Each structure stands twice: as structure tokens, then as C-alpha cells.
Amino acid sequence: MSTADDNRGLEAPSPFTTFLKRNMQLLVVTAALVVILLFFSMAAPNFAKPTIYLDIVLQAAFTGVMALGATFVIATSGIDLSVGTGLSFVAVMAGIFLAGDKMNLPLGLGLLLTILVGAAVGLVNGFNVSILGLPPFIATLAMMMVARGLALVISQTQSITIKNAAYKKLATGELIPYVANAALIFVVLTVVATFLMNKTLLGRYALAIGSNEEATRLSGVNVRLWKIIIYVVAGVFMAIGAILYSARSGLVQPAEGVGMELNVIAAAVIGGTSLSGGRASIPGALVGALIMETLKKGLIMMSIAQDYQYVVTGIAILLAVAVDNIRRARENAA
């Protein structure tokens, strides 16, 4: 009798239980998104419209694409404060490459060079963190200032207009009716990033480094090299975000990305990526970006001052980190 009871206690959990355990954070933030949408649908006039929902997805795509790359960095227990001004710098370079009164390069070449500029920003960040041994906060804070200065110097503090119609269609065109291309690219990149995180060495080593960097190094992994690669990947995602952001209107403002790093980090953390490293959720970053944009849109439509959006963002980050700390404490206790 006791043997049967013991065997019953050793039975493997059901697939449904396993699914819930592995995806609980994602399910929670998705439920939170639904609750927020329902709240603003009742509290904000004219919020509950398909056009509003589609606009939220479009606007979330710009921050969300960068959050996908930032998720890999944060998974290593790192941080990237340069994504905001990095967006400004990369967007300015896109303007230099593609504007009719600048270099006016073919679209494909201009896009390639723009992405390489973003990769170069990531490469410098990775070099400073991995080879020079600078704390990620300091290394990327320095790059944040450098990128901001370069954007202002290269643009001569003037806006740049990209009149290339094909460039604008990258963000606002509709390959699928009523769905902006930027939103479609966001979803596709989320799938790609999920594959990279879950099925490749890139994601495996990012999580391993964040969990225990020394143990990962002792297991034979070239931690320095992989850190550089991870920051380069984040730079590529940042460049794509910059392209989509500037393509929506074809107008590049050299200071428009300042402060955007807060929303990028918030999207990743709210989505379930731990600031302590070792845990990351790419689909969560997508949901986190949608939550941030929904809050922004809802508050605007309720005629609440924009300054309060920063308060809401700060509270959202605080709650996300608090939940992560509670979850980690429970796991350690178990």
C-alpha cells in the first residue's frame, strides 16, 4: 500500500502542469495586458476600436524590436543603456546613407550599411564589457553619451528627410491588409529571436553566462567571445528598430531616441527577463512592449499628462523586478 502511494507521489507531472510551470510568467503578463486593454476600453473614450489596437501594435514594434535584442544582453546579467541614443545615431546614419541630398545610396545598400553601424555599436559595447572588463552599466552609459554626441555632430543638429518611398513602406506599408509592415516585421523577428534563444548556442550561452559566468567559463565556453557576439546581436536588433522608427515618417530627428532605453528595458523585464540574468523570455518582450504602448496610448486618450507616463513606467519596472525577486526566492527555498 505504501509502495503504491510512494509511486503515485513520484509520477511525472502532466503535460498541462509542465506547460503552466514553464510559461507562468508569460501567461501572467499576457493576462495583465488583457486586463489593461479592458480597463482602457471602459475608461478611455474611443479606445476600443480596431484602428487603436493596430496603432498600438505598430508603435510597440519600434520599442519591441530593440527589446528583443536587449533580452539577450539582460539574460547575461548585463544591461544596455545605449539603445535609445544608439537608435538616434543609427537613424541619422540611415539618413546620411539614403537621403537624396546626402549619399543617396540604393535602398538595399543603405539598409545593409545601417545595420552594420548598429552592429558596430554593439561590437564596441561588447569589447568594453568583455575585453576591457568594464561593468555593463558603465560601458553602455559611456556609449549612450558617445552615440548621442555623434548623432548631433553628424546631423549638425538638423533633421534629415528621407524621401525614398520604398524606405517609408518598410514601416507603414501593408503587405497584409490593415497590418503595418513594422508590426509584421516585429512578429517575424520575435519568432527568429525565440529560435535563437531556445534552439541555438547563442541563447544557451547567454542564459548560462547569466546563471553562473564562472561555471560557464570553466566548462570550456569562450565567455568573452560570446559576450561580444551577444552585444553585436543586440546592436543589429537596435539598428532594425531604428530603421523602422525613422521609416514611419521618413524624418530623422537626431535626439528622438533619448530616454527610449527605459521603455526597451521595461518591455524586456516586464515580459519576464530577469535583471539578475539566467532567465529570459522573448515572447514576453513582445507582450511587455505591447503593455508599455497600451499604457501610453490609454493615458493619452484619458487626457492624462505625458509626464505621468514616466511614473507608470517606473512603477511597472519596480513591480516586474519585485515579482522576479519573489519568484527567485521561492525557487531557492524549494
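These are short exercises with worked solutions on a predicted model.

**Exercise 1. The second largest pocket**

Describe the second largest pocket: its volume, the residues closest to its centre, the helices that supply its lining, and the make-up of that lining.

Solution.
Step 1. Start with the volume. The second largest pocket measures about 600 Å³.
Step 2. Go to the centre. The lining holds 25 residues, and the closest to the centre are Met-260, Asn-263, Lys-296, Gln-306 and Gln-309.
Step 3. Assign helices. At least two lining residues come from each of H3 (50-75), H12 (260-270), H13 (282-301) and H14 (307-333).
Step 4. Sort by character. The lining has 13 nonpolar, eight polar and four charged residues.

**Exercise 2. The largest cavity**

How many cavities of 30 Å³ or more does a search of the whole structure find? Work out what lines the largest cavity.

Solution.
Step 1. Count. The search returns one cavity of 30 Å³ or more.
Step 2. Take its volume. The largest cavity has about 30 Å³.
Step 3. List the lining. It consists of Asp-80, Ser-82, Val-83, Val-121, Gly-122, Asn-125, Tyr-231, Ala-234, Gly-235 and Met-238.
Step 4. Find the helices. H5 (107-131) and H11 (223-247) each supply at least two lining residues. H11 gives the most, with four.
Step 5. Classify. Five lining residues are nonpolar, four are polar and one is charged.

**Exercise 3. The largest nonpolar core**

Which residues touch the most other members of the largest nonpolar core? Follow Ile-291 to its contacts.

Solution.
Step 1. Take the core as a whole. It has 96 residues.
Step 2. Pick out the best connected. Leu-68, Tyr-167 and Ile-291 touch the most other members.
Step 3. Follow Ile-291. Leaving out residues up to four places away in sequence, Ile-291 touches Val-29, Ala-32, Leu-33, Ile-36 and Ile-270.

**Exercise 4. Annotated spans against the model**

Take the "transmembrane region" annotation from UniProt and examine residues 81-100 and 175-197 in the model.

Solution.
Step 1. Read the record. The unreviewed UniProt entry places "transmembrane region" at residues 24-44, 56-75, 81-100, 107-127, 133-154, 175-197, 228-246 and 308-326.
Step 2. Examine 81-100. This span is 80% helix and 0% strand, and its end C-alpha atoms lie 32 Å apart.
Step 3. Examine 175-197. Here the chain is 74% helix and 0% strand, with 27 Å between the end C-alpha atoms.

**Exercise 5. Positive phi outside glycine**

Place Thr-157 and Ser-303, give phi for each, and decide whether each is buried or exposed.

Solution.
Step 1. Place Thr-157. It lies in the loop between helix H6 (136-155) and strand E1 (160-161).
Step 2. Read its phi. Thr-157 is not glycine, yet its phi is positive, near 60 degrees.
Step 3. Judge exposure. Thr-157 has a relative accessible area of 53%, so it is exposed. The cut-off for exposed is over 50%.
Step 4. Turn to Ser-303, in the loop between H13 and H14. Its phi is also positive and near 60 degrees.
Step 5. Apply the cut-off again. Ser-303 counts as exposed because its relative accessibility is 69%.

**Exercise 6. Sequence separation and spatial distance**

For Leu-262, Arg-248, Ile-304 and Asp-55, state the location and exposure, then give one C-alpha to C-alpha distance each.

Solution.
Step 1. Set the range. Partly exposed lies between under 20% (buried) and over 50% (exposed).
Step 2. Leu-262 sits in helix H12. At 45% relative accessibility, it is therefore partly exposed. Leu-262 and Gly-84 are 178 residues apart in sequence and 8.1 Å apart in space.
Step 3. Arg-248 is in the loop between H11 and strand E2 (251-252). Its 33% relative accessibility makes it partly exposed. Arg-248 and Arg-217 are 31 residues apart in sequence but 43 Å apart in space.
Step 4. Add the contacts of Arg-248. Neighbours within four places aside, they are Gln-59, Phe-62, Ala-171 and Thr-172.
Step 5. Ile-304 is in the loop between H13 and H14. It is partly exposed, at 29% relative accessibility. Ile-304 and Ile-317 are 13 residues apart in sequence and 20 Å apart in space.
Step 6. Asp-55 belongs to helix H3. Its relative accessibility is 23%, so it counts as partly exposed. Asp-55 and Val-192 are 137 residues apart in sequence and 23 Å apart in space.

Methods: Residues are numbered from 1 along each chain as its sequence is written. This is a predicted model: local features need pLDDT of at least 70, side-chain atom pairs count only at pLDDT 80 or more; totals for chains, interfaces and linings use all residues. Side-chain values use heavy atoms; hydrogens and water are left out. On a 1 Å grid over the protein atoms alone, a cavity is a set of points where a 1.4 Å probe fits but cannot get out, and a pocket is an open set with protein on both sides within 12 Å along at least five of seven lines; lining residues have an atom within 4 Å of a point. Grid points are joined across faces, edges and corners, and a volume is the space filled by probe spheres set on the points. Ala, Val, Leu, Ile, Met, Phe, Trp, Tyr, Cys and Pro count as nonpolar, Asp, Glu, Lys and Arg as charged, and the others, Gly among them, as polar. A nonpolar core is a set of buried Ala, Val, Leu, Ile, Met, Phe, Trp, Tyr and Cys residues joined through side-chain atoms within 4.5 Å. Buried means under 20% relative accessible area, exposed over 50%, partly exposed in between (1.4 Å probe, protein chains only). Contact means heavy atoms within 4.5 Å. UniProt positions are given in the numbering used here, feature names are shortened, and annotations may be inferred rather than shown by experiment.
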